[in-house]
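User: Could you walk me through reading side-chain contacts and backbone oddities in a structure? I would like the general idea each time, then the case at hand.

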Amino acid sequence: MLSQTKTPLLDTLWEYANKPHAPFYTPGHKLGKGISSKLEEYFGQAVFKADLPELTDLDNLFAPGGVIQEAQQLAAEAFGASHTWFLVNGSTCGIEAAILATCERDDKIILPRNVHSSVISGLILSGAIPIFIEPEYDPVSDIAHGVTPHSVEVALKRHPDAKVVMVVYPTYYGTCGDIIAIANLTHKYNIPLLVDEAHGAHFTFHPELPIPALAAGADLSVQSIHKTLGAMTQASMLHVRGNQIDIERISRSLQLVQSTSPNYLLMASLDAARQQMAVDGKELMSRTLQLAQEARSRISKIPGLSVLGKPYSSAKTFESGRNKLGKKSSVFVALDETRLTVNVSGLGLTGFAADEILEEKLRVYSELASWRNVTFIISLGNTQEDIDHLVEGFTTLAKMIPSSLIPISSKDATFDIPPTFLNKGDKRIATKPHSFSIKKDNKESGVIKISPREAFFAPTQMLPFEEVVGHISAETICPYPPGIPVLIAGEVVTDAALNYLLKIQDMGGFISGCTDSSLKTFKVVKL
């Protein structure tokens with residue numbers, strides 16, 4: 001067993017940063033001596049002294065044999081992996097590499113429709129064909145969750161030639177599906193389970209949190225260590241467990257999507273974050289859970305507000321987040337209680353409007369706003385003062401809203417779910433070899449006419465909004481966060497998708513991926 005108190009990469013980097021020498025290598029600021037005076041005033045010089053390239057004793061990210069290798073081995077042990085790779089281009093590059101390492105052109109990959117946009121990038125790079133499954137939708141909370149084992153099993157039976165299954169666990173809202181059962185299914189078919197666990201890096205370190213993906217049987221997990229732990233923004237990890245994944249192919253794939261000039265500050269922050277959690281993780285997570293539970297309890301008592309809570313069946317099926325699951329299940333089987341989602345529709349507000357008021361007038365900044373909800377990440381960096389400020393913000397918000405306002409109508413209850421989840425039997429779905437139509441008995445989504453890769457490289461044209469319905473999108477367009485695509489390259493454009501995007505824009509949401517940010521024109525495949 002390795003000593004988890006060590007930080008080999010961080011220590012070596014700091015030693016080099018403080019070693020007197022004449023630097024004739026990149027970067028050009030030379031240990032911070034050439035940075036602008038404003039940068040030095042704002043951030044000091046120490047951080048720039050440690051902004052170093054791949055010097056001999058600092059190892060090489062793409063062929064590690066020294067301190068990076070040692071740091072990655074320590075991380076693998078801490079997170080329960082066989083192999084771990086440090087990622088400096090965020091979880092995005094880890095997701096892309098995972099797909100590249102397991103799929104070739106025209107290979108089928110089964111995945112939920114509410115994937116992150118990085119998955120679509122992976123499909124474009126690899127040429128893989130998506131077999132989309134609708135996520136479970138909860139009309140009470142108005143949130144799309146994960147996919148069920150039944151949906152995965154039906155997709156596997158219909159597509160026994162699929163090469164891999166990918167799931168999102170947890171979702172942006174902290175909800176967790178029955179990943180143990182899904183892992184068992186994929187292994188029954190002798191294919192790997194890939195998990196976008198970007199928001200679940202902390203699960204390993206406390207028994208009251210949901211079971212980590214690797215411990216549940218997943219073969220590969222990508223985690224954003226910066227999202228819920230103490231690493232710097234963009235610093236992430238890719239973990240593999242078992243022998244379903246080709247290790248060498250992961251390494252080769254990462255070389256395609258990672259920078260050849262990796263930032264050592266990011267990698268050192270991964271080393272330090274791992275050490276912090278391996279040594280003090282349980283204590284830190286206990287405190288974080290306590291703060292989150294306090295926030296949940298206090299906010300749920302404010303009139304007009306409701307808080308996303310544990311699933312009704314969780315006590316029977318997911319005791320302490322770690323035991324094997326029973327046969328019964330709700331729309332999700334476990335909840336990361338450090339993720340706080342507040343439904344504000346009882347105040348007659350959209351989540352976007354509430355978020356704007358909280359930010360601009362009450363100095364409370366959320367992670368995500370949607371049609372009915374505002375979502376907050378409570379992590380090891382939050383304090384009691386933060387929680388008090390959050391509760392006070394919502395208390396003030398509730399008092400600001402006149403009681404005469406009419407709450408959001410129940411007819412809008414499905415707004416949060418992208419319209420593609422609801423378009424069963426869309427008659428514009430193609431019947432060409434690489435298109436996959438939908439049948440109502442299996443929840444498999446399908447408006448893909450050509451592969452995302454084909455659409456990306458096809459000749460394109462810009463069409464006005466009024467003429468774009470029925471054409472094939474050449475862009476992947478999504479509100480961000482959470483970065484879940486509403487239109488995917490290769491997908492037929494529908495009225496529902498366009499109306500959804502317009503409404504998100506009208507409500508103040510940010511839409512990425514579109515060439516024309518005004519949404520007056522769209523890029524489509526030229527027929």
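Analyst: Happy to. Let's begin with accessibility: buried means under 20% relative accessible area, exposed over 50%, and partly exposed in between. This is a predicted model. Take Lys6 as a trial case: its relative accessibility is 39%, so Lys6 counts as partly exposed.

User: What does Lys6 form a salt bridge with?

Analyst: The general idea is that a side-chain nitrogen of Lys or Arg lies within 4 Å of a carboxyl oxygen of Asp or Glu. Here Lys6 pairs with Glu70, and their closest N and O atoms are 2.6 Å apart. Lys6 lies in the segment before α1 (8-17) and Glu70 in helix α4 (residues 67-79), so this salt bridge ties together parts that are 64 residues apart in sequence. Glu70 has a relative accessible area of 26%, so Glu70 is partly exposed as well.

User: How many salt bridges does a search of the whole structure find?

Analyst: The search finds nine. One of them joins Arg249 and Glu104, at 3.8 Å from N to O. That pair links distant parts of the chain, with Arg249 in helix α10 (residues 247-257) and Glu104 in the loop between α5 (90-102) and β2 (108-112), 145 residues apart. Glu104 is partly exposed, at a relative accessible area of 48%.

User: Are the partners Arg113 and Glu491 buried or exposed?

Analyst: Both values fall under the 20% cut-off for buried. Arg113 has 0% relative accessibility, so Arg113 counts as buried. Glu491 is at 1%, so Glu491 counts as buried too. Their side chains meet in a salt bridge of 3.0 Å, N to O. Arg113 sits in the loop between β2 and α6 (117-126), while Glu491 sits in the loop between β17 (478-479) and α16 (495-506), and the two are 378 residues apart.

User: Which residues do salt bridges that share partners join into one network?

Analyst: Glu294, Arg298 and Asp388 are joined in that way.

User: Now charges and rings. Over the ring of which residue does the charged end of Arg113 sit?

Analyst: That ring belongs to Phe132, and the charged end of Arg113 is 5.4 Å from its centre. Arg113 therefore appears in two kinds of contact here, the salt bridge with Glu491 and this placement over Phe132. Lys19 gives another example: its charged end sits over the ring of Tyr16, 4.2 Å from the ring centre.

User: And ring against ring: how many aromatic pairs does the structure hold?

Analyst: The structure holds six. To read one, take the distance between ring centres and the angle between planes, where over 60 degrees counts as edge-to-face. The ring centres of Tyr42 and Phe43 are 6.3 Å apart and their planes stand at 85 degrees, so this pair is edge-to-face. Tyr42 and Phe43 are both exposed. Tyr169 and Phe203 also form an edge-to-face pair, with 6.1 Å from centre to centre and 85 degrees between the planes. Tyr169 lies in the loop between β6 (164-168) and β7 (175-176) and Phe203 in the loop between β8 (193-196) and β9 (220-223), so the pair ties together parts 34 residues apart in sequence. Tyr169 is buried, with a relative accessible area of 2%, and Phe203 is buried at 0%.

User: What about the backbone? Is the peptide bond from Tyr169 to Pro170 cis or trans?

Analyst: Read omega for this one: the bond is cis, with omega near -5 degrees. Pro170 is placed in the loop between β6 and β7. A cis peptide bond also joins Thr26 and Pro27, where omega is about 0 degrees. Pro27 is in the loop between α1 and α2 (37-43).

User: Where do Lys30 and Asp59 lie, and what is phi in each?

Analyst: Lys30 lies in the loop between α1 and α2. Its phi is near 50 degrees, a positive value in a residue other than glycine. Lys30 is partly exposed, at 26% relative accessible area. Asp59 lies in the loop between α3 (46-49) and α4, and its phi, near 75 degrees, is also positive in a residue other than glycine. Asp59 is buried, at 11%.

User: Last one: how many disulfides does a search of the whole structure find?

Analyst: A disulfide is a covalent bond between the sulfur atoms of two cysteines. The search finds zero. Cys514 is in no disulfide, and the nearest cysteine sulfur, that of Cys478, is 8.9 Å away. Cys514 is buried, with a relative accessible area of 13%.

Technical notes: Residues numbered from 1 in each chain as written. Predicted model: local features only at pLDDT ≥ 70, side-chain atom pairs only at ≥ 80, totals over all residues. Heavy atoms only, no water. Disulfide = S-S within 2.5 Å. Buried < 20%, exposed > 50% of the residue type's maximum accessible area, 1.4 Å probe, protein only. Helix = DSSP H or I, 4+ residues; strand = E, 2+ residues; numbered from the N terminus. Phe/Tyr/Trp six-rings, centres within 6.5 Å; stacked < 30°, edge-to-face > 60°. Lys NZ or Arg CZ within 6 Å of the ring centre and 35° of its normal.
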